[in-house]
Structures are given as structure tokens and as C-alpha cells.
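Please open the structure in your viewer and keep the selection tool at hand. The stops below are to be taken in order.

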Amino acid sequence: MAKPGYKSARRNKDKPARPVRTGTGKPGGARSGKPPHGPKSAAKTPEQMEVTSSPTTAVDKQPPPPLKPRSGHRLPEQTARTIIVQGDDHYALLDSGLGEKLERYGKMIIRRPEGQALWLPSLPASKWSQADAVFTGDIEEEGQGRWQYPKGNLDETWQQNFDGMAYLGRFTSFRHTGVFPEQAAHWQAMDRAIRTARAGGRTVRVLNLFGYTGLASLVAARAGAEVTHVDASKRAVGWARENQEIAGLAKAPIRWICDDAVKFCAREVRRGNTYDIVLLDPPAYGRGPKGEVWQLFEHLPHMLDLVRDIQSNNPVMTVLTSYAIRASHFALHELMQHVFAGMDGRLESGELVLQQQSGERVLSTSMYCRFLGEGVEV
Ligand SMILES: C[S@@+](CC[C@H](N)C(=O)[O-])C[C@H]1O[C@@H](n2cnc3c(N)ncnc32)[C@H](O)[C@@H]1O
């Protein structure tokens, strides 16, 4: 149940009645659905976990403070950049189409709903039917669905690997696998940045907000950083701790904190604590451990204000990711590629943004893909 004072949160169509990829009405989980199964080992030591959330107060029922005014130059920029994450032995997107995707995690073939796969699959049905695990039941974001194992029952977890680091893949109730493989691009960039800074004699402090199963925290710790990992879900933190064991990083300096990310950051600002790297991958909708509401479009500005205020004097990187908008110009593009295949001409895809008349700011409105016939210039 949403709390009084959160009508705006309930108005948002992204708000799930149940945990979904984009958030949850309950603490924690896969972006950020409540993880359905208890962790096996690390989660059995909750006393080792720092649970710092203060009781919900009237403050939680107030809208977040407005974005602070800031002065200073506009940063140099590069927009519309596409980072393409290639498959490897550990993960590959094998095919997609008709609202599903076919992936390989190690040797495990998994078939899951993918709303943006509007085109027809490239591989024959015989390949799709070789999946070891199929998530069925409901392709809606809010659908619970279920896993089926056509070749015989499988354990809830299986061993995965990222760049030599072991962790557990996991079948969760809401069609997630305990990892968002495309995040590997950010992990690799962070790993390089940490190693470079460490080689220069620096200590590197990393804050991983909305940290889920902890893979980014483990990559950072392995590269030599001191890591603070924050997630609202005890169970998700338990999964992360289980991954820490499996990765052989039990002694790595990671603080595991079960708390509301906004409250935690506000406390860090008051304490004067700072970080060189901040990662945040907030869901569209979530709950802190005390029922604190997280609504991306309502709370992100204030969250980023806090993140700015905990930047160290010599910051390395802050990575913000959002899956809140479950569409991409690639979805349109691939559909157009499919439909216009063989025609003379070209496709052009991207985002439509409005240039604000005052200053240099632009406002994103929509994504587009257009076919331009042979020789047509616009
Ligand atoms: C999108 S997942 C993060 C995925 C992760 N960064 C990765 O790439 O694997 C969202 C996580 O946010 C957590 N969460 C949701 N609401 C939260 C809140 N108010 N404060 C802290 N964590 C929250 C959930 O428990 C969940 O683990």
C-alpha cells in the first residue's frame, strides 16, 4: 500500500502493483522486485549486515526537496553515444523477436519476455525450443509469470562468471537472472578507472546505490576500491554477500548496507563523507526498508543533488543508469530494419529533443527512426 501523501506515486503508470523490473511496492529485488527466494549462505548472516535505516518519519511523506540551483559552466558533452556490449563465453544475446529474447548464460540457454523485440526472430523455432529455462505466464512488466524447465528441473542458481569473477545467476520470480549483462560495459570502465587511480597511489572510495546482487561492488572491490553497497532489500543484500563468497572476495573491504538510498546519501552529506565513484541504477519505483517510497521521476533530482554533494575533491566517475523508460530507438530501428529490408535507402534513428530557448539545455521528448529513400537529403 502506498502511504498517505504519495498520490503522485500511485498515479504513475510505471508504478507496479507487484515487483517488476522497474521497481516494486516492496523493498528490494530485481529492478527492484522483491527477490522471491532466500539466499543460500551469505544471507544467513544478517547480523553482519549494517541496517541503518531510521524509522519512517513525517519527512518521508513530504515531497523531496526541490533541485538546488547550481552555477558553473556547462560540461563538454557527447550525446547519442551507443555503447554496444558484445557477447562472450559467459553471456550472449542469441536472438530476439516476437516479444521474447533468447540468451546464453555460460552454457545455460534462457528464453524470456522482451517487450521491445517487435520484429521476427532470426533463428528458427528449433533453436528457441532448445532453451533450458523459459519464463512464461505474462509478458507484461508487472506480470509475475513463472519459470519452466523443458529439459528437467534446475536449481534456483547456477555459477556464472564475469571477467574471471565467479557469481551466481539466479531464476527470480520476475523473469530476472540476478544480473543485467549490459552493465558489464560500466563495470569494465569502472575497473579500469579504479586500477589507474590505484596505480597512481590513490585510495578509491566507491558508493554503489541500489546495488542489487552486488556485482558492481565486487568488481570495484576486486580492482582495489573501498566499497559501500546500499540496497533496500535484505534479501538482495544477502544475495550480494553470497556472490562475495563465491567470487573469493570474502575479505574485500565492502560495507553492506540495507537502507533507503536517499536517506543514506542524506546522512553521508551530513557526516561529510565523500566518494570518488558513485554508481546508481535506480528503479522506476521502489521502497526503502521502512516503506520509504522511491519514485524515479519524483526523487531522482534530489538524489542527484545528494550524489553531487558527496563527490570527493578528486572524483573519478558517477554512473547513472535507468531502465525506467522501457523503450529505445533501437526497438523502432530494428522493427523498421525488418519491415524495410531490401529497399533502396537508409534508416536514421535517434531521439527527438527540444532545444530550450534560454540557455543550452535540451529536453528529450521521444525517440524516432526514419527511412530515407535513395538520394533523399533532409
Ligand atoms: C535496478 S536494481 C539494481 C540493479 C544493479 N545495479 C545491477 O546492475 O545488477 C534495483 C535495486 O534497487 C533496490 N531498491 C529499490 N528501492 C530502493 C530504495 N528506496 N533504496 C535503496 N535501494 C532500493 C532494490 O532492492 C533492487 O535491488
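The tour begins with the whole chain and then proceeds to single elements.

This is a predicted model, in which local features need pLDDT of at least 70 and side-chain atom pairs count only at pLDDT 80 or more, while totals for chains, interfaces and linings use all residues. Residues are numbered from 1 along each chain as its sequence is written.

Display the protein chain first: there are eight helices and 18 strands. Helices (H or I, at least four residues) and strands (E, at least two) are DSSP runs, numbered from the N terminus. Of the 378 residues, 38% are buried; a residue is buried if 20 or more other C-beta atoms lie within 10 Å of its own, exposed if 12 or fewer, and partly exposed in between, with C-beta atoms placed from the backbone.

Next, select strands 3 to 7. They form an open sheet of five strands in the order 3-4-5-6-7, with mixed pairing (two strands pair if DSSP finds at least two bridges between them). Its edge strands are strand 3 (91-97) and strand 7 (146-148), each pairing on one side only. Strand 3 runs antiparallel to strand 4 (residues 100-105), and six bridges join the two. Select Gly-97 to find its bridge partner in strand 4, Glu-100.

Move to helix 4 (residues 215-222), where eight of eight residues are buried; among them are Leu-215, Val-219 and Arg-222. Just after helix 4, Gly-224 takes a positive phi of about 110 degrees.

Finally, select Met-343, in the loop between helix 8 (329-339) and strand 17 (345-355). Is Met-343 buried or exposed? Met-343 is exposed, because 11 other C-beta atoms lie within 10 Å.
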